[in-house]
Amino acid sequence: MIGDFLSGRHHSQIESSMDSVHLFRRLRLRVALFITCYNDTLFPETGKAVVKVLERLGHTVEFPAGQTCCGQMHWNTGYQAEALPLVGRFVEQFRNAEAVVVPSSSCVAMMRDHYPKMAEEIGDRQLISDVAELLPRVFEFSEFLTKGLGLEDVGAYYPHRVTYHASCHGLRNLGLGDGPLQLLRAVKGIDLIPIENMEQCCGFGGTFAVKNADVSSAMLAEKITAVLNTGAEACTACDNSCLMHIRGALHRQRTGVRTVHLAEILAGTEEASL
Amino acid sequence: MNSAASNVLDPKTSPTFPMAAREMLEDTQLRKNVRHATEVIQAKRARVVGEMPDWQQLRESGRQIREHAMANLDFYLEQFERNCTRAGGQVHWARDGEEAKQIVTALVKGSGSDEVIKIKSMTTEEIHLNIALEAAGVHAYETDLAELIIQMGNDQPSHIVVPALHKNRQQIREIFQREMNLPELGDKPQDLADAARRFLREKFLRVKTGVSGANFLIAETGGVCIVESEGNGRMCLTLPETLITIAGIDKVLPRFQDLEVMLQLLPRSATGERMNPYNSIWTGVHENDGPRTFHVVLMDNARSEVLADKEGRQTLHCIRCGACQNACPVYRQTGGHAYGSVYAGPIGAILTPQLQQMHHAQSLPYASSLCGACYEVCPVKINIPEVLIHLRNKVVEQKGLLSAEALAMKTVGAIFRSERRFRAAQRLGRAAETPLVRKDGRGDGWIGWLPGILGGWTQARDLQEMPKETFRDWWEKRGNRSGN
C-alpha cells in the first residue's frame, strides 16, 4: 500500500534542494556575488575572502551594484508585504549570472524555500518563470565549491585550532551535510576539533534573538559551553548571523575565542602567511 | 514554575511566551529534568528510526494519508459515523469544547455513575474536561501513570506524550507519599509503579464508566484505535460498562490499512519503541465482551477553521507523537508550561493560536528560532517552520501597521528597495552607533548596551562596531565594478 502513496508528486525541501545541483567542474565562470545586506555592512572581510577564493580558483567575480537584501528578516518576522518586492529586485540584479554565490546559508534557504511561493503570491507569470530559471544557479558559498565545482581542497592554509558549527538553515534547508567539513579537513595546517551537539541551534533565529531574548540567551549559553569545551581558538560556520550571535557572547565572557566565516579560512594561503 | 503549573493551562489567560519562559528558565531543576528526558527519548527515537531503511518513504506515506483524510474530512467523518453506529456505537457531534463537556457530562450522569476512569487524552486536556466533570459532581481518575502524577500534584501536562516529563523520580515520590499516604515509599521505578498499580486496580474494578480519547478513528470500519505503554488504557477500554470516547474530528483515517503506516510512524517517533506494548482497536459493542454502551463524541472546537486555511491546515495532520517537542531547542530550555497551553513545543506553537482562531496566544508563533529540527523529525512531515511564518504574518496583520515594530520594519523595507537608500542607511547606522561604542579601554570597538527592544541582544552578547568600510565601498575602490 505504501506504493499507492508514492506518486512522486511531493518532495521535501531537502530533496528539492538536491535537485538544483549543477556541476560546473573545470569551467571558468562569471560568478555573481550576492554579499547579502548584513555581510555587506558588518562582515566585509567575508566578502573579500569569497572573492579571493573564487579568483584563486580561476573564476571571474562580479558584483551587481543594485543588490540589497533577500528579504529574510521581513519574511520570517511576518512582514510578508515588505519582503515581496525584493524577489523581483534579486532577479533583476542576478538574472544574467552564470552562477550566483552567497556566503550566507540562511539567505540561500530563504530564496530557495520561499521565492517560488512569493513569486506566485505576486502573481507575475514572468517573475514566476524567472525565479524558477534562476534559483538552480544560486549557491551557498561552500555548496558552490563542493557541489557546484566538485572541490574539496581549494589550496587553503590555516594553522589554527578550529571547531565547526552547522548552522540550521545550511544543515536542514540546504542539506549541506558534510560539505563544509570536507572543505575544512582539506585545509593545510588546520586542527579541526568536533563540537558536541553540532546540529543544535545556537539560538540566534533572527528577530527571535530580541523577541525571545531570554530563551535565545539560554540556547546560546549551551552553544558557548560546547565551543569552549573544544578548546578551539575559533568557531567557524557558513553563516555570519549565527557567528555574530556566538561571537557576541564569546566577547562578553572575555573568552578570547574568535569566530570566523568558513570563507575566511579557505582564503588563507601559505604565501599570505609568510 | 509553580505559579503557572498550579493554574489551568488556558491560552486565553496565559502570559506571553517570553514572560512565561523567563520564569521557567530560572527553575534549574525543571530545566535539568526536561533536558535529561528529551535527550533520552531523542536518542531512543534516533535508534529505532535509524534502523528503518524506508523511513523517508513512510513519512511521505503518512503525510499523504493525513492530507487525503483532511481534504475529504466531511466524507470520512460521515462514513465513520455510519459504520460506528452500525456496529452499535452512538455518535455525538460537538461544535466546541463547551458542547463536548456538556455531552460527556450528561452521558456520564446517564450511565448512573459519579466516577469515571480515564485514559490519557490530550483532547480532554484541551477542553479541561475534568474540571467540568468535577463541577457536575463526577470525579475523574486519571489512570495513565504520568497523568496520575499530574492530577495528584495539582499540576498540568507539559508534554503531549510524556505529560510529567518535567518531574523527576524524587519529586514523583513526594507527590505519591503525600497523596496516597505512603510515607515509607521508595523512589525506585518499581516502587512508584507498584504504588500506582495498587491505587489504580481498585478503581478499575469498581468504576463502571470509562472516558477515553482516541489516536485514530477508522472511517472504513467505524473502529477506534488507542496505543499505549502501560495497559491501564486497555483496562479502561474493557472493564467499564459504559465507554465514552472523545475525539477531535481531525483524528480520522480513511482505511484500516492506513494503520500499517501510522502504527510504524507513531511509536518510533513518540517513545522510540518499534511498536507500542498495547494497541487497542475496537468497533462498536459486542455481547459479553467489553463495554455494553459505547459513545463517541466528535469535537470540532475550531478545527474546521484551521482546515479552511490553505497554509495552516497541515497542522491538522499531526498524530500527537511529541517528537517535535523532544527535538526543539526552545522546548529543551523552557519545558512545556511556558507555552500556556496543553499543546506545547513546536506543534503547540502552531496548533494553539489556530485553535484560538488567532484571538489568543499570538506570541507562540514567535517562540521558535526556525531551526527546523521539528520538521526534520515530524513523522507526517508537517512543515512547522513554514506554518510558524504564516501565522506570524497573521499576527502582524492583526496588530496593524502603526506599532513601533511595524514602522521600523516598513522603514527598513523601503531602505532595501533602493541601493541609494541602503547605502545612506549604512552610513547613518555607523554614525548612530558611535556614541554606544566603548572607548574606555575595556572592550574598545564593541557595544555592550543597546536601547529599547534591541537591549535583548546586549543582555547576553556584545556587538562589534560596524567596520569603517562596507564590502561594496571596498569593491568600488578596487575598481572592479561589474557592467550591470
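Let's start with a single residue pairing: A:Ala32 has A:Glu62 as its bridge partner in β2(A). Keep in mind as you look around that this is a predicted model. The pairing belongs to a longer match between two strands of chain A, where strand β1 (residues 30–33) runs parallel to strand β2 (residues 60–62) and three bridges join them.

Now look to the other side of the story for A:Ala32. In β3(A), A:Ala32 has A:Val100 as its bridge partner. Here too the strands run parallel, with three bridges joining β1(A) to strand β3 (residues 99–102) of chain A.

Step back and you can see what these strands build. Chain A has an open sheet of four strands, in the order β2-β1-β3-β4, and the pairing is parallel. Its edge strands, each of which pairs on one side only, are β2 and β4 (138–140) of chain A. Going from one strand to the next, the twist averages 35 degrees.

Two helices are worth finding on this sheet. One is α8(A), which packs on the sheet and touches β3 and β4 of chain A. The direction of α8(A) makes about 150 degrees with that of β4(A). The other is α10(A), which also packs on the sheet by touching β3 and β4 of chain A, but whose direction makes about 105 degrees with that of β4(A).

Helices pack against helices in chain A as well. Take helix α7 (residues 85–94) and helix α9 (residues 125–134) of chain A: their axes come within 10 Å and cross at roughly 55 degrees. That angle is why α7(A) counts as oblique to α9(A). The crossing of α7(A) past α9(A) is left-handed. Which residues meet there? From α7(A) come A:Val87, A:Gly88, A:Val91 and A:Phe94, and from α9(A) come A:Leu127, A:Asp130, A:Val131 and A:Leu134. Sorted by class, this contact has six nonpolar residues, one polar and one charged.

Time to zoom out to the domains of chain A. The domain assignment splits off domain 1 (12–148) and domain 2 (161–273). The C-alpha centres of domain 1 and domain 2 of chain A are 22 Å apart. How many residues do they bring into contact? Domain 1 of chain A has 32 residues in contact with 24 residues of domain 2 of chain A. On the domain 1 side, at least two residues each come from α2 (13–19), α3 (37–42), α4 (44–56), α5 (72–77), α8 (105–122) and α10 (141–148) of chain A. That list includes α8 and α10 of chain A, the helices we just saw packing on the sheet. By class, this side of domain 1 of chain A has 14 nonpolar, twelve polar and six charged residues.

Chain A has a partner, too. In all, 59 residues of chain A are in contact with 62 residues of chain B. Helix α14 (residues 213–230) of chain A gives the most to the chain A side, with seven residues. That side divides into 28 nonpolar, 22 polar and nine charged residues.

So much for chain A; let's cross over to chain B. Chain B is divided into domain 1 (2–304) and domain 2 (404–477), and the C-alpha centres of these two domains of chain B lie 50 Å apart.

Chain B has an open sheet of six strands, in the order β1-β10-β7-β4-β2-β3, with parallel pairing. At the edges, pairing on one side only, sit β1 (90–94) and β3 (139–142) of chain B. On average, neighbouring strands of this sheet are turned by 25 degrees against each other, direction ignored. If you follow the sheet to β3(B), you'll find strand β2 (residues 115–118) of chain B pairing with β3(B) in the parallel sense over four bridges. There, B:Glu115 has B:His139 in β3(B) as its bridge partner.

One last stop is a pair of helices in chain B. Helix α17 (residues 345–355) and helix α19 (residues 384–399) of chain B pack with their axes 10 Å apart, at an angle of about 40 degrees. That angle is why α17(B) is oblique to α19(B). The crossing of α17(B) and α19(B) is left-handed. On the α17(B) side, the contact is made by B:Pro346, B:Ile347, B:Ala349, B:Ile350 and B:Pro353, and on the α19(B) side by B:Ile384, B:Val387, B:Leu388 and B:Leu391. By class, that contact has nine nonpolar residues, no polar and no charged.

How values were computed:
Residues are numbered from 1 along each chain as its sequence is written. Chains are lettered from A and ligands numbered from 1 in the order in which they are written. This is a predicted model: local features need pLDDT of at least 70, side-chain atom pairs count only at pLDDT 80 or more; totals for chains, interfaces and linings use all residues. Domain bounds come from an automatic or database domain assignment. Two residues are in contact if their C-beta atoms, placed from the backbone, lie within 7 Å. Ala, Val, Leu, Ile, Met, Phe, Trp, Tyr, Cys and Pro count as nonpolar, Asp, Glu, Lys and Arg as charged, and the others, Gly among them, as polar. Two strands pair if DSSP finds at least two bridges between them. Axes are lines fitted to C-alpha atoms, for helices over the stretch in contact, and angles run from 0 to 180 degrees between N-to-C directions. Angles under 35 degrees count as roughly parallel, over 145 as roughly antiparallel, 65 to 115 as roughly perpendicular and the rest as oblique. A crossing is left-handed if the near helix is turned anticlockwise from the far one by less than a right angle, and right-handed if clockwise.
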